[in-house]
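Work through the exercises below with the sequence and the model open beside you, and try each task before reading its solution.

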Amino acid sequence: MSLFNVSRLLGKTVLITGASSGIGAATALLFAKAGSNVILVARRADALKSVADACVAAHKESGVTQGGKFATIQADVADKEQVASILDKIPSDLRAVDVLVNNAGQVFVKGIEHIGDIADIDVEGMFATNVLGLIRLTQIFVKEFKARNSGHVINLGSVAGREAYAGGGIYCATKFAVSAFNGSLLKELVNTPIRVTEIQPGMVETEFSIVRFRGDTDRAKTVYDGMQPLVASDIAEEILWVASRPPHVNIAEMLIFPVNQAGAGVVYRAPK
Ligand SMILES: NC(=O)c1ccc[n+]([C@@H]2O[C@H](COP(=O)([O-])OP(=O)(O)OC[C@H]3O[C@@H](n4cnc5c(N)ncnc54)[C@H](OP(=O)(O)O)[C@@H]3O)[C@@H](O)[C@H]2O)c1
């Protein structure tokens, strides 16, 4: 953090979806430390409050005087009406959002679910959150950004949006959709100062795998057997770096692996 200049983030307002855990929570904390204001969005109100409290403490500890305003919005990005009302729920002093981080996302597999056996409710849930929620929020904020002629959309894609793998039929399809949407947006905004970024993490140890295996923490742990995964703050640091580049620089795409990963399913694991 100290090696790159985050002073451009002082007093900026950042809205992060999926800010109640993992990458979103870690990103909120780093923006708080960098002197930004943060609006945290997710479904779990208690978890959001804990992250917001940690942001207040991190901002205080940083000694930075700018920023330090935090708001939480309990919302399900898969719900059309709840997304439509997000703008109205932002406190008036934080209405001018500078950076939108579309991070909320989920994956479900009950076992080795291959195409043909995937529950329709899971297909709908993943698309509604990972794709439709992201698209609807982006539509709202791009309109705002265009009106103000500034802004930055940062979308959380994945290596799963570059390479499909067996067992990832729906999740990969959602992340390919995010990547395509990101690419169109990037091109549509080429004649503006508005920036568009897709962050594509490889394996990051968060609640993600626990959600994926529906609360089976032992199974979630096996995903990282014999290798060191990334942690949420590794990705948060890259998001901060991307957001703090000079205004004429746009990091369009960033693929981030742990050192022993080289692709979807290409992982070196130390023998036991
Ligand atoms: N972990 C990885 O290996 C990895 C790799 C590549 C990409 N990613 C991407 O990184 C992003 C963050 O994942 P993570 O690893 O940090 O997972 P995580 O710890 O499970 O966090 C996911 C966040 O999204 C929120 N969320 C999920 N569904 C939501 C909904 N319908 N409405 C609002 N919020 C919702 C969750 O909060 P609530 O439950 O409180 O709503 C939580 O805050 C995702 O887009 C994921 O696809 C992760």
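The exercises that follow concern a predicted model, and they go from the whole chain to its salt bridges and then to its empty spaces.

**Exercise 1. The chain as a whole**

Task: Describe the secondary structure of the chain, and decide how its radius of gyration stands against the globule rule.

Solution: Begin with the secondary structure, which comes to 9 helices and 11 strands. Next, take the radius of gyration, which is 18 Å and lies close to the 19 Å that the globule rule gives for 272 residues, so the chain is as compact as a globular protein of that length. Along the principal axes, the C-alpha atoms fill a box of roughly 50 × 40 × 35 Å. As a further step, consider burial: of the 272 residues, 49% count as buried. Finally, turn to the contacts between residues at least 6 apart in sequence, of which 74% join residues at least 24 apart.

**Exercise 2. A salt bridge within a helix**

Task: Find how aspartate 53 and lysine 49 are placed in helix H2, and state whether each is buried, partly exposed or exposed.

Solution: The search of the whole structure finds 4 salt bridges, and one of them joins the side chains of aspartate 53 and lysine 49, with 2.9 Å from N to O. The two residues are 4 apart in helix H2, which means that about one helical turn separates them. For the exposure, recall that under 20% relative accessible area is buried and over 50% is exposed. Aspartate 53, at 42%, is therefore partly exposed, and lysine 49, at 49%, is likewise partly exposed.

**Exercise 3. Salt bridges between distant parts**

Task: Which parts of the chain are linked by the pair glutamate 207 and arginine 44, and which by the pair arginine 162 and glutamate 253?

Solution: Take glutamate 207 and arginine 44, which form a salt bridge whose closest N and O atoms are 3.3 Å apart. Glutamate 207 sits in the loop between strand E7 (204–205) and helix H7 (208–212), while arginine 44 sits in the loop between strand E2 (37–42) and helix H2 (45–62), and the two are 163 residues apart. Glutamate 207 has a relative accessible area of 35% and is partly exposed, as is arginine 44 at 41%.

Continue with arginine 162 and glutamate 253, whose side chains meet in a salt bridge at 3.2 Å from N to O. Because arginine 162 lies in the loop between strand E5 (152–156) and helix H6 (169–188) and glutamate 253 lies in strand E9 (residues 253–256), the pair ties together parts that are 91 residues apart in sequence. Arginine 162 is partly exposed at 40%, and glutamate 253 is partly exposed at 47%.

**Exercise 4. A cavity and a pocket**

Task: Which helix gives the most to the lining of the second largest cavity, and how do the residues lining the second largest pocket divide by class?

Solution: The model has 2 cavities of 30 Å³ or more, and the second largest has a volume of about 40 Å³. Its lining includes Thr17, Val77, Asn102, Thr129 and Leu137. Helix H5 (residues 120–148) gives the most to this lining, with 4 residues. By class, the cavity lining has 4 nonpolar, 5 polar and no charged residues.

Now turn to the second largest pocket, whose volume is about 260 Å³. The pocket is lined by 13 residues, and Lys12, Gly151, Arg195, Ala243 and Pro247 lie nearest its centre. The pocket lining divides into 5 nonpolar, 3 polar and 5 charged residues.

Conventions:
Residues are numbered from 1 along each chain as its sequence is written. This is a predicted model: local features need pLDDT of at least 70, side-chain atom pairs count only at pLDDT 80 or more; totals for chains, interfaces and linings use all residues. Side-chain values use heavy atoms; hydrogens and water are left out. On a 1 Å grid over the protein atoms alone, a cavity is a set of points where a 1.4 Å probe fits but cannot get out, and a pocket is an open set with protein on both sides within 12 Å along at least five of seven lines; lining residues have an atom within 4 Å of a point. Grid points are joined across faces, edges and corners, and a volume is the space filled by probe spheres set on the points. Ala, Val, Leu, Ile, Met, Phe, Trp, Tyr, Cys and Pro count as nonpolar, Asp, Glu, Lys and Arg as charged, and the others, Gly among them, as polar. Buried means under 20% relative accessible area, exposed over 50%, partly exposed in between (1.4 Å probe, protein chains only). The radius of gyration is taken over C-alpha atoms; the globule rule is 2.2 Å times the number of residues to the power 0.38. Contact means heavy atoms within 4.5 Å.
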